[in-house]
Amino acid sequence: MSEIITAGIVVIGDEILSGRTKDANIGFIAEYLTNIGIDLREVRVVADDEAAIIEALDALRQRYTYVFSTGGIGPTHDDITADAVAKAFGVGIDHHPEVVARFRERFSEAELNEARLRMARIPDGAELIQSATILAPGFKIGNVIVLAGVPSIMQAMMDIVAPKLKSGVRMLSESIRANAREGDIGGPLRALAKAHPDAMIGSYPFLDDDKKPNTYLVVRSRDPEKLREAVEGVRQMLTALQVPH
């Protein structure tokens with residue numbers, strides 16, 4: 001079996017914690033990583049607080065292959081992610097000459113104020129994540145990948161950085177509509193999960209169109225044969241319970 005590549009996410013921003021801004025990035029990154037064979041294992045949401053950002057980054061970068069952060073790389077006083085990352089890695093931070101040059105092409109001298117120049121501050125040794133359509137770059141240092149918080153910009157940055165990442169064997173999955181309430185199949189499902197340790201079987205309740213409780217069973221495995229065996233086990237379990245599926 002190939003190496004399993006893992007990831008964590010640190011979402012940065014008081015506006016997320018206050019509910020003023022609804023996060024739109026976690027789901028996108030999670031699905032993106034799944035599609036390229038990287039397992040997302042943990043997500044943390046932290047305030048615009050340097051110590052909190054450093055603590056989260058240090059914890060996750062020790063634990064996972066990659067850590068993605070979103071938010072806090074804009075022009076305002078509370079955009080402190082770049083500084084926090086530099087401190088976490090024990091490196092300096094300064095205006096990146098390549099980014100400053102791009103800004104000078106875009107802005108007049110009057111427009112290129114201190115706030116905008118904040119977005120050109122990059123930790124020493126970091127690799128830029130940028131393109132012609134992205135004004136302020138993200139960056140990668142060590143196994144930490146710093147992305148914008150604005151969803152459209154973050155998504156563009158993911159497309160740039162993804163081809164450079166290690167990836168593992170993709171997780172395969174198959175969904176089965178149980179046509180039963182979750183509580184009615186919990187016991188047999190627990191036994192089935194024990195009988196198929198190389199597959200993960202998730203149970204997801206929902207309401208039918210007629211508002212009656214129902215359940216989707218989702219089987220996951222990196223091994224196609226193990227997936228097939230577990231799916232067949234689920235179907236046999238439902239048949240034994242005389243549930244149409």
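Helices and strands here are DSSP runs, with at least four residues (H or I) for a helix and at least two (E) for a strand, numbered from the N terminus. The structure in question is a predicted model, and those labels are used throughout to walk through its sheets, its pockets and its enclosed space.

Take the six-stranded sheet to begin with. It is open, its strands come in the order S2-S1-S3-S8-S7-S6, and the pairing is mixed. At the edges stand S2 (38-46) and S6 (127-129); each has a single partner strand, so one side of each is left without a neighbour in the sheet. On average, neighbouring strands of this sheet are turned by 20 degrees against each other, if direction is ignored. Strands of a sheet pair through backbone hydrogen bonds, and they can do so either parallel or antiparallel. For S1 (residues 5-12) and S2, the sense is parallel, and the pairing extends over eight bridges. Within this pair, Ala7 sits opposite Leu40 of S2.

Two helices can be placed against these strands. H2, covering residues 26-35, lies across S1, S2, S3 (66-70) and S8 (144-147), and it runs at about 165 degrees to S2. H7 (residues 151-161) packs on the sheet as well, touching S3, S6, S7 (138-141) and S8. The direction of H7 makes about 145 degrees with that of S8.

There is also an open sheet of three strands, ordered S9-S11-S10, with antiparallel pairing. Its edge strands are S9 (172-177) and S10 (200-207), each of which pairs on one side only. From one strand to the next, the twist averages 20 degrees. S10 and S11 (residues 213-221) run antiparallel and are joined by eight bridges, with Ser203 standing opposite Leu217 in S11. H8 (residues 182-195) packs on this sheet by touching S10 and S11, and its direction makes about 170 degrees with that of S10. H9 (residues 224-240) packs on it too, this time with S9, S10 and S11 all touched. The direction of H9 makes about 10 degrees with that of S9.

Now for the open spaces. The volume of the largest pocket comes to about 480 Å³. Its lining takes in 28 residues, and Gly71, Gly72, Ala148, Gly149 and Val150 are the ones nearest the centre. The elements that give two or more residues to this lining are S1, H1 (14-18) and H7, and H7 has the largest share, with three residues. H7 thus turns up twice, as a helix packed on the six-stranded sheet and as a contributor to this pocket. Sorted by class, the lining of the largest pocket has 14 nonpolar, eight polar and six charged residues.

The second largest pocket has a volume of about 200 Å³. Its walls are made by Leu33, Thr34, Gly37, Ile38, Asp39, Leu40, Arg41, Met171, Ser173 and Arg220. H2 and S2 are the elements that each give two or more residues to that lining. The largest share, four residues, comes from S2, the edge strand mentioned above. Leu40, the residue facing Ala7, is also one of those lining this pocket. By class, the lining splits into four nonpolar, three polar and three charged residues.

What about space that is closed off? Rolling a probe the size of a water molecule over the atoms shows where empty space is left. One cavity of 30 Å³ or more is counted, and about 90 Å³ of space lies in the largest cavity. The lining here is made up of Gly72, Ile73, Gly74, Asp79, Ala82, Asp83, Arg118, Met119, Arg121, Ile122, Pro137 and Phe139. Two or more of these residues come from each of H4 (81-89) and S5 (121-123). Six residues of the lining are nonpolar, two are polar and four are charged. Gly72 belongs both to this list and to the residues nearest the centre of the largest pocket.

How many of the nine residues of H4 are buried? Seven are, so H4 is largely enclosed by the rest of the structure. The buried residues are Thr81, Ala82, Asp83, Ala84, Val85, Ala86 and Ala88; of these, Ala82 and Asp83 also line the largest cavity. After H4 comes Gly90, with a positive phi near 65 degrees.

Definitions and conventions
Residues are numbered from 1 along each chain as its sequence is written. This is a predicted model: local features need pLDDT of at least 70, side-chain atom pairs count only at pLDDT 80 or more; totals for chains, interfaces and linings use all residues. Side-chain values use heavy atoms; hydrogens and water are left out. On a 1 Å grid over the protein atoms alone, a cavity is a set of points where a 1.4 Å probe fits but cannot get out, and a pocket is an open set with protein on both sides within 12 Å along at least five of seven lines; lining residues have an atom within 4 Å of a point. Grid points are joined across faces, edges and corners, and a volume is the space filled by probe spheres set on the points. Ala, Val, Leu, Ile, Met, Phe, Trp, Tyr, Cys and Pro count as nonpolar, Asp, Glu, Lys and Arg as charged, and the others, Gly among them, as polar. Buried means under 20% relative accessible area, exposed over 50%, partly exposed in between (1.4 Å probe, protein chains only). Two strands pair if DSSP finds at least two bridges between them. Axes are lines fitted to C-alpha atoms, for helices over the stretch in contact, and angles run from 0 to 180 degrees between N-to-C directions. Contact means heavy atoms within 4.5 Å.
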